[in-house]
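Visitor: I am new to protein structures. Please give me a close look at one part of this one, and explain each term as you go.

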Amino acid sequence: MLIQRKQLLLADDMGLGKTIQAIAAIRVLLHRGNLSRALIVVPAGLLEQWMREITFWARELRVMVIAGAPDIRLRQWRYQAHITLVSYETLRSDYTGSPQCGPCRERWGVVVLDEASRIKNRETGVTTTCKALPAERRWALTGTPLENRIDDVISILDFLSGGREHAQLRKSSPSEIRERLKEVQLRRKKEDVLKELPPKQVIEQIIDLLPNQREAYDRAEQQGIVRLKEAGHTITVTHVLELIMRLKQICNNHPVTNESAKLDDIENRIETLVEEGHRALVFSQFTDSSFGVQMIAMRLNAFSPLTFTGAMSAEQKTSNVDIFTTNTKHKALILSLRAGGVGLNLQAASYVFHLDRWWNPALEEQADSRSHRMGQTHPVTVYRYICQNTIEERIDALLRDKRGLFEHVVDDVSLDLGASLTENEIFGLFGLNRSYR
């Protein structure tokens, strides 16, 4: 399908090998003489992963990774590689709009955007840069073409057209967007393709806060709501989100006593699953030593955990993934959701724990697919933690709506625009409304 199409949104479920499909298609087109050069734009943390896959599946192709100081990158852009790999951030830095700048020196045979949801916001420089690249073919790879809003899909569709369809798409109805998606989208689900893939079970683990946590949580919420109401019309969504963040942190760990109902439960479960020969991934949106990745690693020290966060160097991240994959001594890998939720192959683990919940359910699905993908031989069990009678329960209700929105648009069911997160919904989490602004 990729070989035949000049515009394609490959929106297969995570774990179905979108990277391999793209490499194979580029290789065939190169050998046929249908293109001479390909540009692949990826998140910075996935450059090494792409290099490995290209080396394995298309060893004969010349590859150039654009990295280093500006003068070095300028020379790299001139290298006549079959495949040029660049991060979104570096591409944005090197693109000036001039025909002489590195990304524009010639018309690319194909431009591939991996994790194409990175261009969901049409206002960013990265998005406008990707749309402006001169190319014969445009492919977008993502398992989550819709994350929060219909505009997410519109931006990707506009990239596929080279920026020519934005005005028309903005005026389109939901049904018209679905019809346009049918023309350019290839989407397959795991259950349709990988008949042999072991099942995935998702368990929402509803737990009570420990006594000291409950006291700290209730005090923080009550005081926070009082401050919001006292601020009156001066409060903004940012103020509400700050309170939400604080409350979510207390749900993870008591800031003084380090008590954590969630980690008590996770520690007990990992102890059992390790005895049964399994290993685990643990995700958190936080990375610090008080509420996030570093705190989890200290608490689970008995299981020789490794960590993976955006603050680590590319070499450190690659090394830790390799060690976890090959050395069964390490029973857990602790990852930040944003850095570790995409692009990694972690079939060595068959249990996934989400210590806290993100606003976007699509990111959680991506994280689950680090384990539940081709090559997994065990059933995968996913635990998503929710503390009872807290902000986490209210956020979970919104997540259900968002998950429904993704299914409605991408999988061609009736569209419910009301599922998008609004300011009223955010204020409503604390019984407030926009009149307080």
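Guide: We will start with a short overview, then look closely at a pair of packed helices, and follow the topics that lead on from there. This is a predicted model, in which local features need pLDDT of at least 70 and side-chain atom pairs count only at pLDDT 80 or more, while totals for chains, interfaces and linings use all residues. Residues are numbered from 1 along each chain as its sequence is written, and side-chain values use heavy atoms, with hydrogens and water left out.

The chain has 18 helices and 13 strands. Both kinds of element are DSSP runs numbered from the N terminus: helices are H or I with at least four residues, and strands are E with at least two. Of the 437 residues in the chain, 55% are buried. Here "buried" means under 20% relative accessible area, "exposed" means over 50%, and "partly exposed" is in between, using a 1.4 Å probe and protein chains only. Among the contacts in the chain with a separation of 6 or more, 75% are between residues 24 or more positions apart; a contact means heavy atoms within 4.5 Å.

Now for our close look, at helices α1 and α2. Helix α1 covers residues 18-32, and its axis lies 10 Å from that of α2, at an angle of about 50°. Such axes are lines fitted to C-alpha atoms, for helices over the stretch in contact, and the angles run from 0 to 180 degrees between N-to-C directions. The two helices are therefore oblique to each other: under 35 degrees counts as roughly parallel, over 145 as roughly antiparallel, 65 to 115 as roughly perpendicular, and the rest as oblique. The crossing of α1 past α2 is right-handed, a word used when the near helix is turned clockwise from the far one by less than a right angle, with anticlockwise giving left-handed. On the α1 side, T19, I20, A22, I23 and R27 make the contact, and on the α2 side W50, E53, I54 and W57 do. Sorted by class, this contact holds 6 nonpolar, 1 polar and 2 charged residues. In that sorting, Ala, Val, Leu, Ile, Met, Phe, Trp, Tyr, Cys and Pro are nonpolar, Asp, Glu, Lys and Arg are charged, and the others, Gly among them, are polar.

Let us stay in α2 a little longer. There, R52 forms a salt bridge with E48, with the closest N and O atoms 3.5 Å apart. A salt bridge is a side-chain nitrogen of Lys or Arg within 4 Å of a carboxyl oxygen of Asp or Glu. R52 and E48 are separated by about one helical turn, because they are 4 residues apart in α2, which spans residues 47-57. R52 is partly exposed at 37% relative accessibility, and E48 is also partly exposed, at 37%.

A related picture appears in helix α8. Its residues E183 and R180 form a salt bridge with the closest N and O atoms 2.8 Å apart. They sit 3 residues apart in α8 (residues 174-184), so about one helical turn separates them. Here E183 is partly exposed at 49%, whereas R180 is buried at 13%.

The next pair reaches from one helix to another. R299 and D264 meet in a salt bridge of 2.1 Å, N to O. This pair links distant parts of the chain, with R299 in α13 and D264 in α12 (residues 261-275), 35 residues apart. R299 is partly exposed at 25%, and D264 is partly exposed at 30%. Elsewhere, shared partners join K200, R357, E364, E365, D368, R384 and D396 into one network of salt bridges. The whole structure holds 24 salt bridges.

To finish, look at another pair of helices and set it beside α1 and α2. Helix α10 (residues 211-231) and helix α11 (residues 237-252) have axes that come within 9 Å and cross at roughly 175°. That angle is why α10 and α11 are described as roughly antiparallel. Among the residues in contact are A216, Y217 and L228 of α10, and V240, L243 and L247 of α11. The contact of α10 with α11 divides into 10 nonpolar, 4 polar and 1 charged residues.
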